[in-house]
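Please open your viewer and keep the selection panel at hand, since this tour moves from the whole chain down to a single pair of residues.

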Amino acid sequence: MRDKRMSLDEVVGELRSGMTIGLGGWGSRRKPMALVRAILRSDITDLTVVSYGGPDLGLLCSAGKVRKAYYGFVSLDSAPFYDPWFAEARTSGALAAREMDEGMLKCGLEAAAARLPFLPIRAGLGSDVPNFWEGELKTVESPYPVDGTPETLIAMPALNLDAALVHLNLGDQHGNAAYTGVDPYFDDLFCLAAQRRYVAVERVVETEELVKTVPLQALLLNRMMVDGVVEAPGGAHFTLAADDYGRDEKFQKHYVESAKTPETWQLFIDTYLTGSEEQYQAAVRRFAEEA
Amino acid sequence: MTSIETVTRAEICAVACAEIFSGAGEIMASPMSPMSIIGARLAKLTTEPDLLLSDGEALLFAETPPLGGKAPIEGWIPFRRVFDVVASGRRHVVMGANQIDRFGNQNLSAFGSLQQPTRQMFGVRGAPGNTINHATSYWVARHTKRVFTDRVDIVSGVGYDKVDATNPAYRFHHLHRVVTNLGVFDFGGPGHTMRARSLHPGVTADEVAANTSFEIAGLAEAGRTRQPTAEELRLIREVLDPKKIRETEVPS
């Protein structure tokens, strides 16, 4: 069986400007942050991003890499809740927003996973969601009437992805991978909706150890769903990756504070985002000791 | 000994939030802020024992913990299963709101225009799906003209004037209550407009009118929000919120 182990920069080497990229996790929870940091180090830009957004989307916006975003929400999950860089991108009109109900994002990934052009969903009707989509979002009439009247529903288009980036707790070199916390989020759907699928994990172990460590139901990804495996301990930082670690609330606050002026942001970039992932993790350890 | 004489506005609000769930039965209660969480848990401990309550993350509580506390669990409700529950209709959510208009349109997304807002909040989150699928109520800790506005900037939660009566896909839409620091409201006014059900003790109709951009139906006739029972006060003060977090949301 194929050995799919890669480095962070090798993964990013397979991405291209202009791609539609799905980012797993949820808000500030188990985000593929090491892969996002690797994109920041690259010259890849002009991305369309699909995400239950958190600081992943924020960091990509901070570097002007997002042209269009499909999202159900963007949240840091703790005070001050609103991501500063996403807010900046929105208030400056820097990206085209395809905002939608959270359930529509799941629905669109499921349509892509099943190679369907759309799936009907009730969520979105009557709201401003269709107006966000500027003609991209249509309705569909049921061929099965209810008491003589057909229902007209949102026809959620498939959210087909060029690439999916997800972070899980444990995996093997072939792409079998598991989560160990309370929630799988939607990482399997992101992989099923994508052409190229990359999973970063806290630890790469032998297959036998993986399946002995977690219950069967936690084995979220199989080999058919993964093209590349990266060992990235701390790779979801500063989001949480239960059961390995919680959110680094102090550092997340530091990220938000640093976004307030060009000078403090440049310092944040110089300290955390210009070197390698190892240098980032070392700088984060120093921050924790000093804080 | 709990003293009825010293009942605070926050305690009145907690009981009004509990009454949102009166008669709800065996459904998932999804309160989104401390006051509505106290309310849902109070309902479960008094008249609505069959409610399902989660920890707000992925676990269903078997017992009813205090605010911020842990409890034994009875099940698993990760986010993707929440969306299944939403679509099933077996849920009553109590959301917050940056804006609400007289027909119940709600905004928690952003202020300004869709593609270039003046202030970014969360985006629409689950508000469109919640409001089109199952009972939805709102909790507003500070009742002001800014919140209760003539027109919301972005419709996240669907109001009654957006309902297409010719399309049965809208048949599950139901906005149940709006509870604020000033009173209890619904959308039983003319043409499904906002109506006062009761004002909290000490609140006048003029005060509500002065803090609302549009006319509220039934404001002059609205009665008093009821006082908590001694048992409800005990549960709020000693069991659910001994740290008085409710008082930070609605100061006395």
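The stops below go from overall form to one sheet and then to two of its strands.

Begin by selecting chain B, and keep in mind throughout that this is a predicted model. Coloured by secondary structure, chain B shows 7 helices and 14 strands. If you turn the chain along its principal axes, its C-alpha atoms fill a box of roughly 50 × 45 × 35 Å. A compact globule of 252 residues would have a radius of gyration near 18 Å, and because chain B has 18 Å, the two agree.

Next, switch on the surface of chain B, which exposes about 10400 Å², with carbon and sulfur atoms supplying 52% of that area. Of the 252 residues in this chain, 59% are buried. Now colour the charged side chains: you should find 27 positive and 27 negative ones in chain B, and the centres of these two sets lie 4 Å apart.

Then hide the surface and select the open sheet of 8 strands in chain B, whose order is β2-β1-β5-β10-β11-β12-β13-β14 and whose pairing is mixed. Which strands are the edge strands of this sheet? They are β2 (52-53) and β14 (223-224) of chain B, each of which pairs on one side only.

Strands of a sheet pair through backbone hydrogen bonds, either parallel or antiparallel. For a parallel example, select residues 91-95 and 135-140 of chain B, where strands β5 and β10 pair over 4 bridges. Finally, zoom in on B:H92, whose bridge partner in β10(B) is B:A135.

Technical notes: Residues are numbered from 1 along each chain as its sequence is written. Chains are lettered from A and ligands numbered from 1 in the order in which they are written. This is a predicted model: local features need pLDDT of at least 70, side-chain atom pairs count only at pLDDT 80 or more; totals for chains, interfaces and linings use all residues. Side-chain values use heavy atoms; hydrogens and water are left out. Helices (H or I, at least four residues) and strands (E, at least two) are DSSP runs, numbered from the N terminus. The radius of gyration is taken over C-alpha atoms; the globule rule is 2.2 Å times the number of residues to the power 0.38. Buried means under 20% relative accessible area, exposed over 50%, partly exposed in between (1.4 Å probe, protein chains only). Accessible areas come from the Shrake-Rupley method with a 1.4 Å probe; for residues, only the protein chains shown count as cover. Lys and Arg count as positive and Asp and Glu as negative; His and the chain ends are not counted. The place of a charge is taken as NZ of Lys, CZ of Arg, CG of Asp or CD of Glu. Two strands pair if DSSP finds at least two bridges between them.
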